[in-house]
Amino acid sequence: MAKLPLLFEKRSCFPNKKRTFCTFASMKTELIVVGKTTDSKLEALISDYMERIKHYIPFDITVLPELKGTKGLTFEQQKEREADLLLKSFRSGDCVVLLDEGGKEFRSIDFSKYIQYKLASPVRRLLFVIGGPYGFSESVYKAATEKLSLSKMTFSHQMIRLLFVEQVYRSMTILKGEPYHHE
């Protein structure tokens, strides 16, 4: 029998009261955002949750530079220029999940199951993407694996970063059976 690739050999398993959940050690989970977080209070909270998440899984935030000289550009032109940056950060085989108002919504418990399923899949990188203030271009939608929505409400793209990392942390504690989430 052929030896399984390294991807399937090294994994971390977390038993909890109801089940054991495993992640493949070579999978990287990443949040890709356009433009830096300018509010220092939001940035501090995001950093706090990032450190908490890293106790469970490899997780990073990649900040793509905000566009310069956009006054003469339409919203569509801005989305296309952001798309160029985003598409360069995607690799073949990535699972690309756009955080988009038209995406699927989950309750926190269901999102933890979604994360568990994704982390157990044999992909190298699980990418969650928050676009700029005008959303994504059609080329980014075509490159994505799926779309996810955190709410039917509209939030600033900087605030969504905090909400998302908190939900990832919450998911990890649910999967580990820790008391952070109350239901």
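**Exercise 1. Is Glu-146 buried, partly exposed or exposed, and what is its relative accessible area?**

Solution. This is a predicted model, in which local features need pLDDT of at least 70, side-chain atom pairs count only at pLDDT 80 or more, and totals for chains, interfaces and linings use all residues. Residues are numbered from 1 along each chain as its sequence is written, and side-chain values use heavy atoms, with hydrogens and water left out.

Step 1. Set the classes: buried means under 20% relative accessible area, exposed means over 50%, and partly exposed lies in between (1.4 Å probe, protein chains only).

Step 2. Glu-146 has a relative accessible area of 25% and is partly exposed.

Step 3. Find the partner. A salt bridge is a side-chain nitrogen of Lys or Arg within 4 Å of a carboxyl oxygen of Asp or Glu. Glu-146 forms one with Lys-118, at 2.5 Å from N to O.

Step 4. Place the pair. Lys-118 belongs to helix α4 (residues 108-119) and Glu-146 to strand β7, so the bridge ties together parts 28 residues apart in sequence. Lys-118 is buried, at 10% relative accessibility.

**Exercise 2. Describe the overall make-up of the chain.**

Solution. Step 1. Helices (H or I, at least four residues) and strands (E, at least two) are DSSP runs, numbered from the N terminus.

Step 2. By that rule the chain holds 6 helices and 7 strands. Their order along the sequence is α-β-β-β-α-β-α-β-α-β-α-β-α.

Step 3. The chain has 183 residues, and 46% of them are buried.

**Exercise 3. Compare the settings of two further salt bridges, Glu-30 with Arg-125 and Asp-48 with Arg-52.**

Solution. Step 1. The whole structure contains 9 salt bridges.

Step 2. In the bridge of Glu-30 with Arg-125, the closest N and O atoms are 3.4 Å apart. Glu-30 sits in strand β3 and Arg-125 in strand β6 (residues 125-130), so this pair links parts that are 95 residues apart in sequence. Glu-30 is buried at 4% relative accessible area, and Arg-125 is buried at 6%.

Step 3. Between Asp-48 and Arg-52, the closest N and O atoms are 3.1 Å apart. Both residues are in helix α2, 4 residues apart, which separates them by about one helical turn. Asp-48 is partly exposed, with a relative accessible area of 33%, and Arg-52 is partly exposed at 27%.

**Exercise 4. Where does Met-159 lie, and what surrounds it?**

Solution. Step 1. Met-159 is in helix α6 (residues 157-176).

Step 2. Its relative accessible area is 36%, so Met-159 counts as partly exposed.

Step 3. Met-159 makes a nonpolar surface patch with Leu-150 and Leu-163, of about 210 Å². Patches are made of residues with over 30% relative accessible area and no salt bridge; like charges are joined within 9 Å, and nonpolar side chains (Val, Leu, Ile, Met, Phe, Trp, Tyr) within 5 Å. Accessible areas come from the Shrake-Rupley method with a 1.4 Å probe, and for residues only the protein chains shown count as cover.

Step 4. Asp-39 is 120 residues from Met-159 in sequence, while their C-alpha atoms are 9.3 Å apart. Asp-39 lies in the loop between β3 (28-34) and α2 (40-53) and is partly exposed at 35% relative accessibility.

**Exercise 5. Characterise the largest pocket and its lining.**

Solution. Step 1. On a 1 Å grid over the protein atoms alone, a pocket is an open set of points where a 1.4 Å probe fits, with protein on both sides within 12 Å along at least five of seven lines; lining residues have an atom within 4 Å of a point. Grid points are joined across faces, edges and corners, and a volume is the space filled by probe spheres set on the points.

Step 2. The largest pocket holds about 470 Å³ of space.

Step 3. Its lining has 22 residues, with Leu-99, Asp-100, Glu-101, Phe-155 and Ile-160 nearest the centre.

Step 4. At least two lining residues come from each of β5 (95-105), β7 (146-149) and α6. β5 gives the most, with 3 residues.

Step 5. The lining divides into 11 nonpolar, 8 polar and 3 charged residues. Here Ala, Val, Leu, Ile, Met, Phe, Trp, Tyr, Cys and Pro count as nonpolar, Asp, Glu, Lys and Arg as charged, and the others, Gly among them, as polar.
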